[in-house]
Amino acid sequence: MSPPDAILEARGLTKEFLGFVAVNNVNLSVRRGSIHALIGPNGAGKTTVFNLLTKFLTPTRGAIVFDGVDVTAEQPAAVARRGLVRSFQISATFPHLTVLENVRVALQRKAGLATQFWRSDRILGQLDDRARELVAAVNLEPYLHAHAVDLSYGRKRALEIATTLALDPVMLLLDEPMAGMGHEEIDRVVDLIRAAAQGRTVLMVEHNLSVVSHLCDTISVLQRGEVIAEGSYEHVSADPRVREAYMGMEEA
Amino acid sequence: MTTTTSAPAAPAKIASGRSGELLTALGVLALLLAAPFLFYPVFVMKVLCFALFAAAFNLLIGFVGLLSFGHAAFFGTGAYIAAHAAKVWHLDPLVAVVLGGLGGGVLGLAVGFLAIKRKGIYFSMITLALSQMVFFIAVQAPFTGGEDGIQGIPRGHLFGFIDLNEPLPMYGFVLAIFVFGMFALWRIVHSPFGQILKAIRDNEARAISLGYDVARYKLIAFVISAAVAAAAGGAKSLVFQLASLTDITWQMSGEVILITLLGGIGTILGPVVGAVIVITLENYLATLDVPVTVLIGGIFVACVLLFRRGIVGEIEHWLARR
């Protein structure tokens, strides 16, 4: 029943909060190598689905399969180690670390330089070259030694993407990467996501249908916790239920 | 090797920050070497023990963001174990202190295991509750001597031939423990592990999403903090030749919070400065009619209202702004 090239699958995913059904029987299949968007109006359950997929929430019912492995019962850090890495709606950086250190933290675990409390942190210098490349890729090189807290909002997001890419994830989950951004910044982030998607799968949650139109291969529309439409942008935007869900909101 | 030498501008800045730290450390060490000739050695040794205790506590609050309200349990446990080892088992004083530290570490593993999954005030409350349990064990258990505590602990002979009943050798012994403990804490803060701790403190959810089992990192830090606090307690019990319930009460947990807050949370030197001030006040004002607790309470309020970063924290902030 599931397509053989699906990298992430949700089957009958349901989440209830004290009787309130936030997510109802969602089936989602993300094709390997695609950019997939999950869109929907406010309160549709996008972020809940997102948190379920990354294990920050435990589903009431249903299963999540990543790369052929059932990860429904796994801890969030464990699925991250499998290569399913998420971003956050509010830009997630380590504010009191520098840009370089932020990216390096992501590199430390795989390099086996995370639990050594008896060694000097100078040894982390061996990760600097790789960290620099990643920082340069998102055009943050002039801010290499600035603290993340001092960066502009758009640059924090860029740093977050560099940090995420440092893990060389199999799949990226981006939670509203364009939220709160101006037009030029959106264009920059779209380019970043496109570059990051090379050789990877991306699932992004987005509020705004128009920004994902040129970026995503597949779009799933969520409404009141249920998937009401799925397909290409042309297919989805022509769906009467989608138009209804978005009525009074920005039209594509 | 090559990466450090080829790295330009900013790592050099970090290095200069480090040489600044080294200079400060040498200055403090020089002061401490002169101190027993200027002040009453037992008083300086008390300051050193409390400074190390506070520095261990500071590892958690300053670099992991965990407020333990039960650190006296470790300090007191270390004091009792070292006292017992020296008095009943007649062990070498250094072995006694090390045993105290290990005992504190084991207790820290148990307490940390139960507390570490909780956050914020719940973490503080669990550590307080568990430390109260340890307190009641100390009251009831026969080997702690209950209300009397363990008295007349022999300081013994270090390595069998250095007589610690003499003030200066004893001072050197405590200073060595202090320097070693401070160096260990400094090393941890500036280690690959310390970098992950700071990341967890800054943004725990993000650290999880990068694949870190944050509970494990917090637990390691908690155990180290407990062990160093216990070693400080062990040293204290040899200095005063006494381990008593005072070492293990919740007021002692409060005192270490005060010392750290006053000196500067998240600074290496803050706990030392805080300990100097609080212990000096307690010792020299004890003879006055002013109740010391009222005065210290007033300083605490002033600290929270006027200089939240603590003394060392404010100075560092001021230096960084210039």
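## Ground rules

Buried means under 20% relative accessible area, exposed means over 50%, and partly exposed is what falls in between, with a 1.4 Å probe and protein chains only. By that yardstick Trp118(A), at a relative accessible area of 53%, is exposed.

This is a predicted model, where local features need pLDDT of at least 70 and side-chain atom pairs count only at pLDDT 80 or more, while totals for chains, interfaces and linings use all residues. Residues are numbered from 1 along each chain as its sequence is written, chains are lettered from A and ligands numbered from 1 in the order in which they are written, and side-chain values use heavy atoms, leaving out hydrogens and water.

## Aromatic pairs

Over all chains there are 12 aromatic pairs. For the record, rings of Phe, Tyr and Trp (its six-membered ring) pair if their centres lie within 6.5 Å; planes under 30 degrees apart are stacked, over 60 edge-to-face, and the rest tilted. Phe117(A) and Trp118(A) make an edge-to-face pair, because their ring centres are 5.1 Å apart and their planes sit at 85°. Phe117(A) is partly exposed, at 27% relative accessibility.

Over in chain B, Phe53(B) and Phe75(B) are stacked, with 4.3 Å centre to centre and 15° between the planes. Helices (H or I, at least four residues) and strands (E, at least two) are DSSP runs, numbered from the N terminus. Phe53(B) lies in helix H3 (residues 41–63) of chain B and Phe75(B) in helix H4 (residues 72–87) of chain B, so this pair ties together parts that are 22 residues apart in sequence. Both Phe53(B) and Phe75(B) are buried.

## A cluster across two chains

Which residues do ring pairs link into a cluster? They are Phe117(A), Trp118(A), Phe193(B), Tyr212(B) and Tyr217(B).

Two arginines sit over rings of that cluster; a charge counts as over a ring if NZ of Lys or CZ of Arg is within 6 Å of the ring centre and within 35 degrees of the ring normal. Arg109(A) lies over the face of Tyr212(B), 5.9 Å from the ring centre. Arg216(B) does likewise with Tyr217(B), at 5.6 Å from the ring centre.

## Salt bridges

Side chains of opposite charge can pair when their charged atoms come close. The cut-off here: a side-chain nitrogen of Lys or Arg within 4 Å of a carboxyl oxygen of Asp or Glu. The structure has 14 such bridges over all chains.

One of them joins Arg32(A) to Asp67(A), with the closest N and O atoms 2.8 Å apart. That pair links distant parts of the chain, 35 residues apart: Arg32(A) is in the loop between strand E2 (20–31) and strand E3 (35–39) of chain A, and Asp67(A) in the loop between strand E4 (61–66) and strand E5 (69–70) of chain A. Arg32(A) is partly exposed at 44%, and Asp67(A) is partly exposed too, at 36%. Then there's Arg241(A) with Asp239(A), at 3.6 Å between the closest N and O atoms. Here Arg241(A) is partly exposed at 47% relative accessibility, whereas Asp239(A) is buried at 14%.

In chain B, Lys218(B) and Glu204(B) meet at 3.1 Å, N to O. Lys218(B) is in helix H10 (residues 214–240) of chain B and Glu204(B) in helix H9 (residues 204–209) of chain B, 14 residues apart. Lys218(B) is buried, with a relative accessible area of just 4%.

## Chain B: annotated spans

An unreviewed UniProt entry annotates "transmembrane region" on chain B, with residues 22–40, 219–244 and 288–307 among the spans covered. UniProt positions are in the numbering used here, feature names are shortened, and annotations may be inferred rather than shown by experiment. Residues 219–244 of chain B are 85% helix and 8% strand, with the end C-alpha atoms 28 Å apart. Residues 288–307 of chain B come out at 75% helix and 0% strand, with 27 Å between the end C-alpha atoms.

## Positive phi in chain A

Most residues other than glycine have a negative phi. Leu18(A) isn't a glycine, yet has a positive phi of about 45°. Leu18(A) sits in the loop between strand E1 (6–17) and E2 of chain A, and is exposed at 92%. Asp168(A), also not a glycine, has a positive phi of about 50°; look for Asp168(A) in the loop between helix H5 (153–166) and strand E7 (171–175) of chain A.
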